[in-house]
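This briefing covers strand pairing, helix packing, the contact between chains and salt bridges. The model is predicted.

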Number of protein chains: 2
Amino acid sequence: MHLDERKMKILQAIIRNYLETGEPVGSRTISKYTDLNLSSATIRNEMADLEELGYIVQPHTSAGRIPSDKGYRLYVDSMMQENERQVEELKEMLVEKEEKMDHLLKQVAKVLAVNTNYATMITAPRYQKNKLKFIQLSRVDADQILAVIVTEGNVIKNSMIPVSETLDDETMLKLNILLNTNLNGLAIEEINLGMITLLKAQAGLHGSLIGEVIDAVAETIKEDEDLEIYTSGTNNIFKYPELADQKRASELITTFEEKQLLSKLVDDNMEEGTGEIKVYIGEEAPIQTMKDCSIVTANYEFGEGMRGTIGIIGPKRMDYEKVVGTLKTIKVQLDTLYQKDLKEE
Amino acid sequence: MHLDERKMKILQAIIRNYLETGEPVGSRTISKYTDLNLSSATIRNEMADLEELGYIVQPHTSAGRIPSDKGYRLYVDSMMQENERQVEELKEMLVEKEEKMDHLLKQVAKVLAVNTNYATMITAPRYQKNKLKFIQLSRVDADQILAVIVTEGNVIKNSMIPVSETLDDETMLKLNILLNTNLNGLAIEEINLGMITLLKAQAGLHGSLIGEVIDAVAETIKEDEDLEIYTSGTNNIFKYPELADQKRASELITTFEEKQLLSKLVDDNMEEGTGEIKVYIGEEAPIQTMKDCSIVTANYEFGEGMRGTIGIIGPKRMDYEKVVGTLKTIKVQLDTLYQKDLKEE
DNA sequence: TGTTAGCACTCGACCGAATAGAGTGCTAAC
DNA sequence: GTTAGCACTCTATTCGGTCGAGTGCTAACA
């Protein structure tokens, strides 16, 4: 069933107004707010209809109306018109490119939080298909060697491996060549048991060491699985009375601190591919504690196969236009950052 | 001026009681609470004295008394008696030793938070005198090399260095030897301009590369200066009504999120050396937003010259005995962890 | 001289009634 | 189909009153 144009306009006006004020909005307000030139009585009739259709609700009998989840949903899906204004500022803020990944991510989270006045999160990019590019074993001490592993996306991992036997330079060189010639270019899943046995055999005496190295490699890469999530602006929730009461605030803060909980958001989003911006409204959210919030997420792609998620969490009366716009900008920004990286090097 | 024994006992009783309940405590309560067998009237007289001396205050005329900062201070300095009970649990929780530093630290913060019901923070150890142990340059691509730097405490740092010239294996080897023989065992401050010039000269054609590497080394080590701080249990502040009102909660949450602010705590503490446990009460805290809190900090030593700070932040009516005890345990635990590390390897 | 019982007093917390005001739904007129 | 008007509902706020915890002071007591 479709709403006629007038109902649409009224619903839109209600939502817009509520986004700003956070207060239930009454018929009189709308009567003046829109350019429809209708009296409050007429609006009241329409509002009764809209309520019956489930787009708005009344907190109590003699209060104005506020949008329901369904109302927000319609708004987000068909009535929003993004504006491209503050996009430029954002770009500038990001231009001071941070060289270290984690700094960059923290920076992004912060810029987003400051810019939108909502809580934000961003995950480090995950390596979907993670090919080995380079392995280097070095003897650091008599009894430990350092394994450095570089993957396709220029992500560097280290691991200290204790060894019982002392290895001479020549052996080290051999091992390095052995590992590099055999493993480079492989994704981690491709390193199977057969290959390992082969390597061990080739390494002769030092077969057990090879095992340890491979374990270290596997572990090192897997380590990313419990992924890093950076958050910022959690205190922003106090700016919205509907979230700021003790129970809710406490729950939300906890959710933000226990970052694992946020990973639901990520998983949910990952399946979708790089796709579009996604909006969860109220109960739609995959995280129970956020049922009074809206969440907007986007995936960004940082080089091939490395994908991360950005999320903005705020009250349901979130400024969807601004948030979606901002998120799109950041996404593009991050997507292109990697390209620039390549050029510079 | 010294308090007589009875006043001491009464003050102690007031504080103990207030720590538990968070409510102002009246004369009648104390009359029953202590084994002094005094009537409430007598207590009242003594309390009037204690108030005049500044150890307790009255929120309003007809309320009981609560300890002032000065009162807490006296309590912490001379009346506390730690108890050694729950120490064992804690040890067990930490025994599952995490191999990765950041995991370990997060874990510690969490264990502390869960155990005490206060907010906690812990900094990664800082390298006071940070000697180079090993440098390794590897060619990863045609146009970039990877520098791996290992310092005395087995802390590993990476840095990608873009290069214009393509270097052959032999040159790489030479450079590695050059760097290692000259720089190993030096603290970063010891690498001065003269030395750099010397190295550059010795490197001949590749002098500029040396410069870049040294820069990378410097940068890499300096990077730690903006130190990592891990926090946990921030939501615990909601358990204490006196901190949980919106204004305060928001401020505190912000402080915890903007971890730089917490670094004041660290700096303040570092000067002191490894010393004792330190307690800030109310206004004593170096962070304005925490003037309604108490903060207990300790330094731990993770191997020689690597020092970090642990802090527990809670309401002024914090269970000082427990906190100090717990903190001591953790501190010892961390101190010894490094020793164990050495043995195992 | 130190301790205690007793009492008047203070002040916040709590409760209920009264009031104001925002907003509705309905009806009747345009 | 639109609107003016009105009775009605419900919340938020305010105000006075009461309750009770706790105090300070005084006078009596050991």
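In chain A, strand 5 and strand 6 pair in the antiparallel sense over seven bridges. They belong to an open sheet of three strands in the order 5-6-7. Chain B also holds an open sheet of three strands, in the order 5-6-7. Some strands of chain A also give residues to the side that touches chain B.

**Sheet of chain A**

- The pairing throughout the order 5-6-7 of chain A is antiparallel.
- Strand 5 and strand 7 of chain A are the edge strands, and each of them pairs on one side only.
- Averaged over neighbouring strands of this sheet, the turn of one against another is 20°, with direction ignored.
- Leu132(A) has Thr151(A), in strand 6 of chain A, as its bridge partner.
- Helix 7 of chain A, residues 169-183, lies across strand 5 and strand 6 of chain A. The helix runs at about 170° to strand 5 of chain A.

**Sheet of chain B**

- The three strands of the open sheet in chain B pair in the antiparallel sense.
- Strand 5 (132-139) and strand 7 (156-162) of chain B each have a single partner strand, so one side of each has no neighbour in the sheet.
- Neighbouring strands of the chain B sheet are turned against each other by 20° on average, direction ignored.
- Strand 6 of chain B, residues 144-151, pairs with strand 7 of chain B over seven bridges in the antiparallel sense.
- Opposite Ala147(B) stands Ser159(B), which lies in strand 7 of chain B.
- Across strand 5 and strand 6 of chain B lies helix 7 of chain B, residues 169-183. Its direction is at about 170° to strand 5 of chain B.

**Contact between chain A and chain B**

- In this interface, 41 residues of chain A are in contact with 42 residues of chain B.
- About 3,400 Å² is buried between the two chains, and carbon and sulfur atoms give 50% of that area.
- Ten residue pairs are in polar contact between chain A and chain B, counting pairs with both residues at pLDDT 80 or more.
- Elements of chain A that give two or more residues to the side touching chain B are helix 6 (101-116), strand 5 (132-139), strand 6 (144-151), strand 7 (156-162) and helix 11 (246-257).
- Helix 11 of chain A gives the largest share of that side, six residues.
- The side of chain A that touches chain B has eleven nonpolar, 14 polar and 16 charged residues.

**Salt bridges**

- Side chains of opposite charge can pair when their charged atoms come close.
- Over all chains, the count comes to 36 salt bridges.
- Between chain A and chain B there are four salt bridges.
- One salt bridge joins the side chains of Glu228(A) and Lys106(B), at 3.7 Å from N to O.
- Within chain A, Lys7(A) forms a salt bridge with Asp49(A), and their closest N and O atoms are 3.3 Å apart.
- That pair links distant parts of the chain, with Lys7(A) in helix 1 (residues 5-21) and Asp49(A) in helix 3 (residues 40-53) of chain A. The two residues are 42 residues apart.

Conventions
Residues numbered from 1 in each chain as written. Chains lettered and ligands numbered in written order. Predicted model: local features only at pLDDT ≥ 70, side-chain atom pairs only at ≥ 80, totals over all residues. Heavy atoms only, no water. Contact = heavy atoms within 4.5 Å. Buried area = accessible area lost by both parts, 1.4 Å probe. Polar contact = N/O pair within 3.5 Å; in protein donor to acceptor, adjacent residues only side chain to side chain. Helix = DSSP H or I, 4+ residues; strand = E, 2+ residues; numbered from the N terminus. Nonpolar A, V, L, I, M, F, W, Y, C, P; charged D, E, K, R; others polar. Pairing = 2+ DSSP bridges. Axes fitted to C-alpha atoms, helices over the stretch in contact; angles between N-to-C directions.
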